[in-house]
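User: Can you walk me through this structure in plain words? I'm new to this, so please explain the terms as we go.

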Amino acid sequence: MFALSQKALQSLNVERDITPFHFEWFYSDKDQSFVFTEVGKRFGGAKIPKLVKHSFGVDLLEEYWKMQERRAEEINWEQPLSPRVCSSSYVQLTNGKTMMESLEEKIPDLFTYEQNHPVGVQSQAAESIGDAFFLAQYTSKDAAASDMVSAKINKAFNEVCR
């Protein structure tokens with residue numbers, strides 16, 4: 001994964017240019033493998049800049065535009081190298097089920113919740129990330145705690161679907 005990512009970065013890099021980019025790798029429980037889905041020469045989707053802001057206290061979009069506008073002197077360059085908290089996104093794709101109620105009030109400590117498919121309406125099978133029932137973002141003290149919250153969200157989701 002590292003070698004492939006490094007090769008893609010070298011291809012995307014433009015000297016003296018500030019280039020937002022992201023890689024998407026998904027982990028498959030089915031066969032314990034990683035699946036590469038995309039590399040993008042843009043900020044990642046699913047509100048990744050919000051995750052960075054909550055974890056590091058850094059507003060990527062604001063600082064990107066300061067650099068593009070040659071206002072680098074306004075940037076606090078003494079930023080943390082490691083996150084203060086673990087910020088996570090949970091996206092539940094539509095799967096032909098009907099979500100009978102929103103989970104927004106059932107999940108504590110969310111900083112983002114977007115219900116993308118109407119409650120009470122049967123969904124179609126997902127074809128892309130745009131086919132999501134909802135996006136939930138939250139912070140945890142570490143990755144283990146984040147996994148526990150994801151498990152709770154997944155359980156709650158399964159309880160309100162038929």
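User: Is S140 buried or exposed?

Analyst: Quick note before we start: this is a predicted model, where local features need pLDDT of at least 70, side-chain atom pairs count only at pLDDT 80 or more, and totals for chains, interfaces and linings use all residues. Residues are numbered from 1 along each chain as its sequence is written, and side-chain values use heavy atoms, with hydrogens and water left out. Buried means under 20% relative accessible area, exposed means over 50%, and partly exposed is in between (1.4 Å probe, protein chains only). S140 has 8% relative accessibility, so S140 counts as buried.

User: Where does S140 lie, and which residues does it touch, leaving out those up to four places away in sequence?

Analyst: S140 lies in strand β5; strands (E, at least two residues) and helices (H or I, at least four) are DSSP runs, numbered from the N terminus. Contact means heavy atoms within 4.5 Å. Leaving out residues up to four places away in sequence, S140 touches V85, C86, A145, S146 and V149.

User: What about C86: buried, exposed or partly exposed?

Analyst: C86 has a relative accessibility of 22%. That value falls between the two cut-offs, 20% and 50%, so C86 counts as partly exposed.

User: And how many disulfides does the structure hold?

Analyst: A disulfide is a pair of cysteine sulfur atoms within 2.5 Å. C161, at 13% relative accessibility, counts as buried, but the number of disulfides in the structure is 0.

User: How far apart are the end C-alpha atoms of helix α4?

Analyst: The expected span of a helix is 1.5 Å times one less than its number of residues. Helix α4 (residues 143-159) has 17 residues, so it should span 24 Å. The model agrees, with the end C-alpha atoms of α4 apart by 24 Å.

User: Which residues of α4 are buried, and what do they pack against?

Analyst: The buried ones in α4 are A145, S146, I153, A156 and F157. They cover an arc of only 120° around the axis, which puts them on the same side of α4; the arc is that of the directions from the helix axis to the C-beta atoms. An α-helix has 3.6 residues a turn, so residues three or four places apart point the same way. The buried residues of α4 pack against β3 (86-93) and β5 (132-140).

User: Which exposed residues does the face of α4 turned away from its buried side carry?

Analyst: Picture going round to the face of α4 turned away from its buried side. The exposed residues there are D147, M148, K155 and E159.

User: At the start of α4, which backbone nitrogen does a side-chain oxygen of D142 reach?

Analyst: The side-chain oxygen of D142 comes to within 3.2 Å of its partner. That partner is the backbone nitrogen of A144.

User: Which residue in β2 stands opposite W25?

Analyst: Strands β1 (residues 22-28) and β2 (residues 33-40) pair in the antiparallel sense over 7 bridges; two strands pair if DSSP finds at least two bridges between them. H22 has G40 in β2 as its bridge partner. Opposite W25 stands F36.

User: What phi does Q32 take?

Analyst: Q32 lies in the loop between β1 and β2 and, at 55% relative accessibility, counts as exposed. Most residues other than glycine have a negative phi. Q32 is not a glycine, yet its phi is positive, at about 50°.

Definitions and conventions
A polar contact is a pair of N or O atoms within 3.5 Å; within protein, one must be able to donate a hydrogen and the other to accept it, and residues adjacent in sequence count only if both atoms are side-chain atoms.
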